Amino acid sequence: MYLFGSLLLGLACLTEALSTTIPSPHARATSRSPGCGSAPTITSGVKSLTVNGKQRQFTIRVPQNYQKDTVYKVIIGLHWVGGTMDQVAGGGTTGEPWAYYGMQKMANESAILVAPQGLNNGWANAGGEDIQFIDAISKYIDSGLCVDQAQRFSMGFSYGGAMTYAIACARAKDFRAVVVIAGGQLSGCSGGNDPVAYFGIHGISDGTLNVAGGRSMRDRFVRNNGCASMSGAPEPRAGSRTHITTSATGCKAGYPVVWAAHDGGHGPAPADAPVPSSDDGLRTWMPAAVWAFYTQSQLASV
């Protein structure tokens with residue numbers, strides 16, 4: 001009896017130890033970049049890199065309270081056709097509340113924010129050159145700042161959404177999650193077979209990049225992420241001035257797919273009616289929804 005009791009006690013202790021030391025399957029281990037622990041070599045502002053013989057630029061915002069031993073998320077915001085990195089970084093006419101698609105406000109100094117500039121103000125990604133540009137940016141930031149390499153995100157509107165989709169296809173193992181706002185398949189999809197957390201946002205009346213294309217892009221990652229079909233996911237009726245957000249079921253742990261359809265056209269800042277009042281001029285539900293998606297527990301590092 002004493003031996004049997006000792007065995008039970010030992011098994012109980014082992015079970016408790018395993019439960020406290022094995023990380024959740026919903027999270028990836030924190031991966032610290034080479035820049036961690038050293039004085040930062042990168043400051044906020046416009047930076048230039050040479051990629052495939054071409055001079056490329058991007059704007060970066062380093063948290064004001066940056067600490068060399070703290071790992072930070074990296075959020076990349078990609079501009080629309082004819083847009084610029086300055087418009088993304090500066091928030092356009094709305095200003096700071098809309099900077100980096102509202103992520104500067106939502107992150108509240110907890111993330112490194114990046115706005116790359118596309119060639120000819122677009123993201124044609126000819127021969128994969130824009131993917132290589134994103135790779136070069138990531139390498140540059142990782143070497144000079146403390147980055148959680150398991151917490152790299154991309155988002156963009158329209159052509160920027162198309163480029164974000166291309167990143168999801170080609171660099172799913174390097175990015176934790178993507179947000180495609182009113183995107184289309186304009187920047188290619190090299191690879192496209194690996195899972196990545198995916199959030200699609202699209203207007204049902206989009207006359208520029210049709211919502212059917214957005215659904216098709218979403219469904220690639222429904223399949224890749226092992227989710228149940230989202231065919232027939234509810235969407236708002238025309239004239240309702242609202243949005244409906246649906247989360248796919250049955251997805252692989254850590255790889256959610258979310259679809260937000262709204263009664264609107266081609267725009268980056270969908271709003272329901274009546275439009276809520278806001279002291280800062282930011283009257284869209286999108287930034288809060290994106291930040292909640294990025295920071296949900298199953299996407300967190302451990």
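How many of the 12 residues of helix H5 are buried? The legends below take up this question and others, using a predicted model.

**View 1. Helix H5 and its surroundings.** Let's start with the answer: 11 of the 12 residues of H5 are buried, so this helix is largely enclosed by the rest of the structure. Buried here means under 20% relative accessible area. You can pick out these residues along the helix: Tyr159, Gly160, Gly161, Ala162, Met163, Thr164, Tyr165, Ala166, Ile167, Ala168 and Cys169. They pack against strand E3 (72-78), helix H4 (129-144), strand E5 (147-157), E6, E7 and H6.

**View 2. The span of helix H5, residues 159-170.** At 1.5 Å a residue, its 12 residues should span 16 Å. The C-alpha atoms at the two ends are 16 Å apart, which agrees with that expectation.

**View 3. An open sheet of 9 strands.** Follow the strands across in the order E1-E2-E4-E3-E5-E6-E7-E9-E8, and you will meet mixed pairing. At the edges are strand E1 (45-51) and strand E8 (243-247), each of which pairs on one side only. From one strand to the next, the twist averages 20°.

**View 4. Strands E7 and E9 side by side.** Here strand E7 (residues 197-203) and strand E9 (residues 257-262) run parallel, joined by 6 bridges. Look for glycine 200, which stands opposite tryptophan 259 in E9.

**View 5. Helix H6 across the sheet strands.** Helix H6 (residues 211-224) lies across strand E6 (177-181), E7 and E9. Its direction is at about 170° to E9. H6 also links back to the opening view, as one of the elements that the buried residues of H5 pack against.

Technical notes. Residues numbered from 1 in each chain as written. Predicted model: local features only at pLDDT ≥ 70, side-chain atom pairs only at ≥ 80, totals over all residues. Heavy atoms only, no water. Pairing = 2+ DSSP bridges. Helix = DSSP H or I, 4+ residues; strand = E, 2+ residues; numbered from the N terminus. Axes fitted to C-alpha atoms, helices over the stretch in contact; angles between N-to-C directions. Contact = heavy atoms within 4.5 Å. Expected span 1.5 Å × (residues − 1). Buried < 20%, exposed > 50% of the residue type's maximum accessible area, 1.4 Å probe, protein only.
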